[in-house]
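Please read this briefing alongside the sequence and the structure. The topics are the chain pairs, their contacts and the nucleic acid.

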4 protein chains.
Amino acid sequence: MTVTSRTRAPRSDGLRNRQHILDIARGHFAEHGISGSLDAIAKEAGVGPGTLYRHFHSKEALLAALLTARDDEIGARRDAITRSTSDAGDALAQWLDALIEWASAFDGLPEPLRAALGEIPSPLTSTCEGYVVETDRFLARAQDEGLARADVRGRDLFLMALAISWTRGAAMADGASTSLMPHILRAGWATATAR
Amino acid sequence: MTVTSRTRAPRSDGLRNRQHILDIARGHFAEHGISGSLDAIAKEAGVGPGTLYRHFHSKEALLAALLTARDDEIGARRDAITRSTSDAGDALAQWLDALIEWASAFDGLPEPLRAALGEIPSPLTSTCEGYVVETDRFLARAQDEGLARADVRGRDLFLMALAISWTRGAAMADGASTSLMPHILRAGWATATAR
Amino acid sequence: MTVTSRTRAPRSDGLRNRQHILDIARGHFAEHGISGSLDAIAKEAGVGPGTLYRHFHSKEALLAALLTARDDEIGARRDAITRSTSDAGDALAQWLDALIEWASAFDGLPEPLRAALGEIPSPLTSTCEGYVVETDRFLARAQDEGLARADVRGRDLFLMALAISWTRGAAMADGASTSLMPHILRAGWATATAR
Amino acid sequence: MTVTSRTRAPRSDGLRNRQHILDIARGHFAEHGISGSLDAIAKEAGVGPGTLYRHFHSKEALLAALLTARDDEIGARRDAITRSTSDAGDALAQWLDALIEWASAFDGLPEPLRAALGEIPSPLTSTCEGYVVETDRFLARAQDEGLARADVRGRDLFLMALAISWTRGAAMADGASTSLMPHILRAGWATATAR
DNA sequence: CATGAATGAGTATTCATTCAT
DNA sequence: GATGAATGAATACTCATTCAT
């Protein structure tokens with residue numbers, strides 16, 4: 001009963017559908033920000049809202065899946081930074097840049113990420129917490145070498161990275177701001193010696 | 001204190017009522033954040049939605065009124081900083097602290113403030129722009145004395161102040177973060193010399 | 001107490017205000033149609049809505065007052081038609097033209113006029129009924145001279161005049177329609193002999 | 001007949017429900033005119049407002065659906081007239097009678113029909129335009145045979161048919177008016193010869 | 001008599017989520 | 001598993017009319 005005699009396995013539909021929805025959702029969020037309705041995404045993907053909910057229990061779950069899909073990419077970036085950057089301060093700075101970029105993928109994304117750090121756990125919580133841990137690792141190295149303030153914690157830097165992503169939604173934030181703020185952030189956590 | 005003990009609010013004159021709504025709204029926003037509906041505030045204030053709309057055309061107008069009520073306070077603070085702080089760097093830092101505190105009055109407030117800096121003007125726009133100008137003044141002094149980076153603009157600092165307020169909504173942002181971030185911000189814009 | 005010693009009699013304010021409101025309302029209705037809110041008119045007239053309601057108990061009462069103000073004009077027109085037009089058929093046709101024009105003064109006016117002919121009396125009812133009576137007079141003369149169908153009644157012609165005014169609100173009703181329809185109406189009620 | 005006797009409407013399939021809503025709406029409009037709110041109809045139909053909006057985006061869309069359901073009927077009537085009436089004048093008259101009856105289905109219906117002829121397209125526009133074209137066909141035949149004035153256009157007759165339907169909302173329009181006005185209309189567009 | 005604040009039921013519309021088919 | 005119809009609370013906003021001042 002599990003194995004039918006059909007030539008094409010119908011079981012792949014589910015996975016294919018899931019991937020398709022993710023692709024559409026990514027495009028939709030990238031274009032319209034995360035404020036749009038899930039119905040619109042379901043329609044654009046050519047599936048019913050029920051199907052979307054089968055795969056993703058909530059909008060946050062959908063976002064989480066989208067972000068999880070980038071896990072490998074971020075992991076690779078982290079490894080690349082670790083490998084190629086001997087200076088622990090530079091490494092931390094590059095990691096924070098990566099986080100800022102990551103959280104800027106969709107307009108409005110920083111908001112649920114921040115919320116996920118709250119008391120009520122959300123599908124995004126574990127993702128965020130994982131990155132906080134990574135940040136802590138980079139930070140610890142920099143602190144060990146006296147390149148970062150001792151009073152700073154990974155969570156603070158993670159939050160500030162989110163905050164910088166958040167400012168990008170403002171029309172007032174032009175290209176100058178975009179390149180400037182990460183520098184300000186670095187100057188902020190670095191020790192005087194480090195400069 | 002605001003209302004008498006009668007069950008039904010007496011038809012008091014407009015100003016009283018307006019003030020009453022503002023008081024209720026302030027409390028409501030302070031407790032639940034700014035996400036609630038105007039109808040809920042109207043109900044809590046014991047007035048019909050129409051009454052609330054007569055005084056405040058939109059949620060942003062209500063927020064603007066609430067913030068305007070603090071204008072004097074901020075102005076006084078600015079003057080106090082100017083008078084009592086001879087070091088231009090300290091003055092700017094204190095002004096930014098004031099902004100951070102100001103934008104942290106209600107959970108969620110930084111969001112409409114950021115939006116007010118966008119292309120579509122809102123009742124909050126002029127308030128924000130005024131504070132950007134103030135920030136520019138403090139910044140210019142600090143830059144003149146070589147205490148602040150030359151590549152920083154008032155708008156960037158204003159945005160970062162908003163962003164720091166924004167992080168406070170996260171449970172992860174504890175007391176340590178609250179006191180730390182302004183220091184990071186200051187270290188970020190200050191010149192190496194300044195430290 | 002009734003007679004004060006002031007130089008200027010304050011009593012005229014009321015009447016003056018009433019007239020002012022009428023002038024504003026006429027302009028407002030002429031420009032925006034009758035759908036606008038009374039508050040808008042009150043504001044434009046520089047008075048409170050209460051003042052407007054003191055003078056006119058409802059929107060229909062305001063319309064009625066506006067139409068009553070034209071009573072003299074219509075009466076004069078009726079007299080002119082009677083005096084200058086010996087042919088009873090021509091007279092009726094001219095009277096109906098006058099009615100059509102009268103009901104076309106404001107976009108949307110035919111609707112409440114029609115409603116005023118319903119079972120629930122409105123401030124417009126007496127005005128309308130008066131004109132029905134006038135129509136009956138013109139019609140009777142025409143019928144006496146065999147120029148109008150015997151089966152037609154004044155109320156029918158009045159209604160059709162309103163109906164023709166009503167069509168003018170449609171974009172499809174161009175200049176050609178405007179001049180054509182009264183002719184169709186006349187051909188409709190006139191006897192074959194009359195043509 | 002439409003619903004089972006269960007207290008709560010069973011989750012029937014979409015088409016059934018759509019039809020059910022249409023049935024209720026038809027009854028509602030027939031009884032109260034078209035002025036009622038969609039919410040009221042939804043409540044009467046035992047569905048949530050969202051369900052109604054899923055099927056019909058606006059009141060006009062609902063009306064359009066109700067009228068479309070009568071398309072077949074009108075088409076059949078048009079064919080019957082064409083087949084059974086050799087006199088082109090009689091045919092046009094009968095077609096206009098059909099239009100008057102069609103537009104008199106609900107109190108207030110002529111208003112949105114007239115509006116649909118305006119510049120802003122509505123769901124009713126295509127229906128109306130189709131009937132204008134039909135009217136033009138009947139009229140052309142009558143004009144060809146010298147039975148209708150040459151200066152009349154289909155749109156004028158369509159508008160007058162709507163206008164006559166419109167008068168029926170007035171209590172003053174009794175049975176006599178109802179039967180009389182179409183005759184007046186016919187006498188209006190017919191040529192003298194035709195009588 | 002004027003004012004304009006207050007009323008509050010009413011309307012259209014949205015959308016995350018559930019559930020019958 | 002997929003579908004998409006159904007839900008229904010929620011929200012923003014309007015406006016004719018009343019009534020305290």
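The points below cover how the chains pair and how the protein meets one DNA strand.

The model is predicted. Chain B superposes on chain A by a rotation of 178° with 0.1 Å of shift along the axis, and chain D superposes on chain C by a rotation of 178° with 0.1 Å of shift. DNA strand E has 35 residues around it.

**Pair of chain B and chain A: symmetry**

- After the rotation of 178°, chain B fits chain A with an RMSD of 0.4 Å.
- B:Gly188 has the C-alpha nearest the axis in chain B, at 1.9 Å.
- The copies meet through the same surface, because 98% of the interface residues of chain B are also interface residues in chain A.

**Pair of chain B and chain A: interface**

- Chain B puts 41 residues into the contact, and chain A puts in 40 residues.
- About 3,500 Å² is buried between chain B and chain A, and carbon and sulfur atoms give 69% of that area.
- Three residues, B:Arg114, B:Trp166 and B:Met172, supply 23% of the area that chain B buries against chain A, more than any other three residues.
- There are four salt bridges between chain B and chain A.
- One salt bridge joins B:Asp174 to A:Arg155, with the closest N and O atoms 3.6 Å apart.
- Eleven residue pairs are in polar contact between chain B and chain A, both residues being at pLDDT 80 or more.
- On the side of chain B that touches chain A, the elements that give two or more residues are α7 (110-116), α9 (154-167) and α10 (175-189) of chain B.
- Of these, α10(B) supplies the largest share of that side, ten residues.
- The side of chain B that touches chain A divides by class into 23 nonpolar, seven polar and eleven charged residues.

**Pair of chain D and chain C: symmetry**

- Chain D superposes on chain C with an RMSD of 0.4 Å, by a rotation of 178° and a shift of 0.1 Å along the axis.
- This is the relation of a two-fold axis.
- The same surface serves both copies, since 98% of the contact residues of chain D recur in chain C.
- D:Gly188 comes closest to the rotation axis among the residues of chain D, with its C-alpha at 1.9 Å.

**Pair of chain D and chain C: interface**

- On the chain D side 41 residues are in contact with 40 residues of chain C.
- The area buried between chain D and chain C is about 3,500 Å², with 69% given by carbon and sulfur atoms.
- D:Arg114, D:Trp166 and D:Met172 lose the most area to chain C in chain D, together 24% of what that side buries.
- Four salt bridges are counted between chain D and chain C.
- In one salt bridge, the side chains of C:Asp174 and D:Arg153 meet at 2.8 Å, N to O.
- Eleven residue pairs are in polar contact across the interface of chain D and chain C, both at pLDDT 80 or more.
- The elements of chain D that give two or more residues to the side touching chain C are α7 (110-116), α9 (154-167) and α10 (175-189).
- The element that gives the most to that side is α10(D), with ten residues.
- By class, this side of chain D has 23 nonpolar, seven polar and eleven charged residues.

**DNA strand E**

- Among the 35 residues around DNA strand E, those that come nearest are A:Tyr53, B:Asn17, B:Arg54, B:His55 and C:Gly50.
- Sugar or phosphate accounts for 64% of the atoms of DNA strand E within 4 Å of the protein, and the rest belong to bases.
- An N or O atom in the side chain of B:His55 is 2.5 Å from a phosphate oxygen of DNA strand E.
- D:Tyr53 has a polar side-chain atom 3.4 Å from a phosphate oxygen of DNA strand E.
- C:Pro49 has a backbone N or O atom 3.4 Å from a base nitrogen of DNA strand E.
- Elements that give two or more residues to the surface near DNA strand E include α2 (38-45) of chain A, α1 (14-32) and α3 (49-55) of chain B, and α1 (12-32) of chain C.
- The residues of the surface near DNA strand E are nine nonpolar, 19 polar and seven charged.

Conventions: Residues are numbered from 1 along each chain as its sequence is written. Chains are lettered from A and ligands numbered from 1 in the order in which they are written. This is a predicted model: local features need pLDDT of at least 70, side-chain atom pairs count only at pLDDT 80 or more; totals for chains, interfaces and linings use all residues. Side-chain values use heavy atoms; hydrogens and water are left out. Copies are superposed by least squares on the C-alpha atoms of residues with pLDDT of at least 70 in both. Contact means heavy atoms within 4.5 Å. Buried area is the accessible area (1.4 Å probe) that two parts lose on being put together, summed over both. A polar contact is a pair of N or O atoms within 3.5 Å; within protein, one must be able to donate a hydrogen and the other to accept it, and residues adjacent in sequence count only if both atoms are side-chain atoms. Helices (H or I, at least four residues) and strands (E, at least two) are DSSP runs, numbered from the N terminus. Ala, Val, Leu, Ile, Met, Phe, Trp, Tyr, Cys and Pro count as nonpolar, Asp, Glu, Lys and Arg as charged, and the others, Gly among them, as polar. A residue is near a molecule or strand if one of its heavy atoms lies within 4 Å of it.
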